[in-house]
Each structure stands twice: as C-alpha cells, then as structure tokens.
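Visitor: I'd like a close look at one part of this protein, taken slowly. Could you walk me through it and then show me how it sits in the rest of the chain?

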Amino acid sequence: MRTDKNALISLMGHSVHETLKKSSYLFREGEPAESIFIIKKGRIKLCRFDSLGREQIVTILTDGDMIWEGMLLDGSIYPYSAVCITSASIYRIRRDDFVKMVNDPDAAMSTIMLLSKKLHDANERNMLLSTKDPMARLAGFLMYRVDRSEDDDVVLKLDDIAASVSLRAETVSRKLREMEKMGFIERLGHARLRVLDRDALRDIYVSQ
C-alpha cells in the first residue's frame, strides 16, 4: 500500500463519515474553513464565479483527494465552493479534532506528507494553466487526470473539462476531435473518454 494511502487511513480514523447527494454543497465560498474533507468515493468540483457570473472550476477532485485549504489558519474562509458532481461519500475532520490529533507524532507525519502532496498537485496545475497552446494544455490535463485514476478513462462533461483548463467548450471539443483522429483518445459517450496513447499526449504537453 502506498505511503500517502496509509496517511489517509490514519486521518480517517479521526473523522465522521457523511454521504452527500449529487449537486450538494460541502461548503460555499466565503464560509469559515472549519473542517478537512477526505473523499472516499465520488467527484467534487471546487469552483468560484467571476464578476460576470461565469463559473471557474479550480479543480475536480475524486477518490482519495482532500480539501483543507485554510484549515490551519485562524479566521480563514473558503476561497471557493465545493459541489458534488456525483453522489459522494466523504470523511469530515473538524478543526478541533484535527488539532488534538496532530499531537500524535504519527498523525503529524501523515499530515506533513499529505500537505506536501497537495502542494505538488497545486504546482502541477499552475504549470498546466500557464501553457498557452490549447492542444498542449488539454493534453496535459488529460494526463493529469489519468495519472490520478485507476484506469485510462476520464469521466467528465465537456463543460467541466473546458472550465478546468480555462478554454471555451468549442475549443475543447475541436481539440478532442483532433486527438481522436490521431488515435490518442477514444470518446466513449457524453461524459467519458479513454486515453489510448499516454506517450503521445505527454509529448504534446512537454513540447510546449
């Protein structure tokens, strides 16, 4: 078992389990950051809205991912909302319980390891969004998703992919068609595609 999975198991032992329906909110932008959330099963998007009311997806999280921005800072608020794309099974660790938990050296080490992973993921996303070429940005996003998945499928609606990479849905649709013609991906339905050639996508991404 991977070390980061051991760290998650350690944290889950201090949590409360909750089940949420599709479209439910874990929290809304501006609310006090009072809990850590660990996703056991399901997909959750972190999103905010710009001054024109357009949704901006910060990221989409899935099984084993965590949300705990601002948890360690007094008076912190959530900078975005968390919305269930599917029904979700989550573990919640409230701030007071977390503070007690980290007095245990093993739990403290688990926390450090998971914070390091969170920072690494954030850096990867920042690099992805700094890529100017739409094809390369999309290729990088697909690689990012399948690297965090148990298989080669990406299960997201077109609009969610577009919002995640800050591109127009029309642009994403066009680039996906190009990738499919080149044999890099296979579109399996309304909200699912399969990566067929990871190396080709990686070459597109790193060439920019």
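What caps the N-terminal end of helix 7?

Guide: The cap is D197, with a side-chain oxygen 3.3 Å from the backbone nitrogen of D199. Bear in mind that we're looking at a predicted model.

Let's stay with helix 7, which runs over residues 198–206. Three of its residues to pick out are A200, L201 and I204, and they are buried. Look down the axis of helix 7 and these buried residues fall within an arc of 100°, so they line one face of the helix. There's a simple rule behind that kind of pattern: an α-helix has 3.6 residues a turn, so residues three or four places apart point the same way. Now turn to the face of helix 7 that looks away from the buried side, and you'll find D199, D203 and V206, which are exposed. D199 therefore shows up twice: its backbone nitrogen is the one that D197 reaches in the cap, and the residue belongs to the exposed set.

What does the buried side lean on? Its partners are helix 4, helix 6 (169–181), strand 10 (185–189) and strand 11 (192–195).

For a view from the partner's side, take M179, which sits in helix 6. M179 is buried, with a relative accessible area of 0%. Leaving out residues up to four places away in sequence, it touches M135, L138, A139, L142, F184, I185 and L201. L201 in that list is one of the buried residues of helix 7. As for A200, its C-alpha is 9.6 Å from the C-alpha of M179, with their positions 21 residues apart in sequence.

Helix 7 also takes part in a pocket, the second largest, which has a volume of about 250 Å³. Its lining is made up of D121, E124, R125, M127, L128, G140, M143, Y144, D147, R148, R202 and Y205. The elements that give two or more residues to this lining are helix 3 (105–129), helix 4 (134–147) and helix 7. Helix 3 gives the most, with five residues. Sorted by class, the lining has six charged, five nonpolar and one polar residue. Helix 4 thus comes up in two places, as a partner of the buried side of helix 7 and as a contributor to the pocket lining.

Step back along the chain and you reach helix 5 (residues 158–165), which is mostly covered, with six of its eight residues buried. Those six are D160, I161, A162, A163, S164 and V165. Just after helix 5 comes S166, with a positive phi of about 55°, and that although it is not a glycine. S166 is in the loop between helix 5 and helix 6, and at 52% relative accessibility it counts as exposed.

S166 has a counterpart worth checking by eye: S23, again not a glycine, has a positive phi of about 75°. You'll find S23 in the loop between strand 1 (16–20) and strand 2 (25–27).

While you're at that end of the chain, have a look at I38, in strand 3 (residues 35–41). I38 is buried, with a relative accessible area of 0%. It is 30 residues from W68 in sequence, and the two are 8.8 Å apart, C-alpha to C-alpha. I38 is also among the residues touched by S89, along with H17, E18, I39, K40 and K41, if you don't count residues up to four places away in sequence. S89 is in strand 8 (residues 88–94) and, at 13% relative accessibility, counts as buried.

I77 is another one to find, in the loop between strand 6 (66–67) and strand 7 (81–84). At 48% relative accessibility, I77 counts as partly exposed. Setting aside neighbours within four places in sequence, I77 is in contact with G30, E31, P32 and A33. Between I77 and R28 the C-alpha distance is 9.5 Å, and they are 49 residues apart in sequence.

Finally, the whole chain: the secondary structure comes to seven helices and eleven strands. Of the 208 residues, 43% are buried. Among contacts between residues at least 6 apart in sequence, 70% join residues at least 24 apart.

Conventions
Residues are numbered from 1 along each chain as its sequence is written. This is a predicted model: local features need pLDDT of at least 70, side-chain atom pairs count only at pLDDT 80 or more; totals for chains, interfaces and linings use all residues. Side-chain values use heavy atoms; hydrogens and water are left out. On a 1 Å grid over the protein atoms alone, a cavity is a set of points where a 1.4 Å probe fits but cannot get out, and a pocket is an open set with protein on both sides within 12 Å along at least five of seven lines; lining residues have an atom within 4 Å of a point. Grid points are joined across faces, edges and corners, and a volume is the space filled by probe spheres set on the points. Helices (H or I, at least four residues) and strands (E, at least two) are DSSP runs, numbered from the N terminus. Ala, Val, Leu, Ile, Met, Phe, Trp, Tyr, Cys and Pro count as nonpolar, Asp, Glu, Lys and Arg as charged, and the others, Gly among them, as polar. Buried means under 20% relative accessible area, exposed over 50%, partly exposed in between (1.4 Å probe, protein chains only). The arc is that of the directions from the helix axis to the C-beta atoms. Contact means heavy atoms within 4.5 Å. A polar contact is a pair of N or O atoms within 3.5 Å; within protein, one must be able to donate a hydrogen and the other to accept it, and residues adjacent in sequence count only if both atoms are side-chain atoms.
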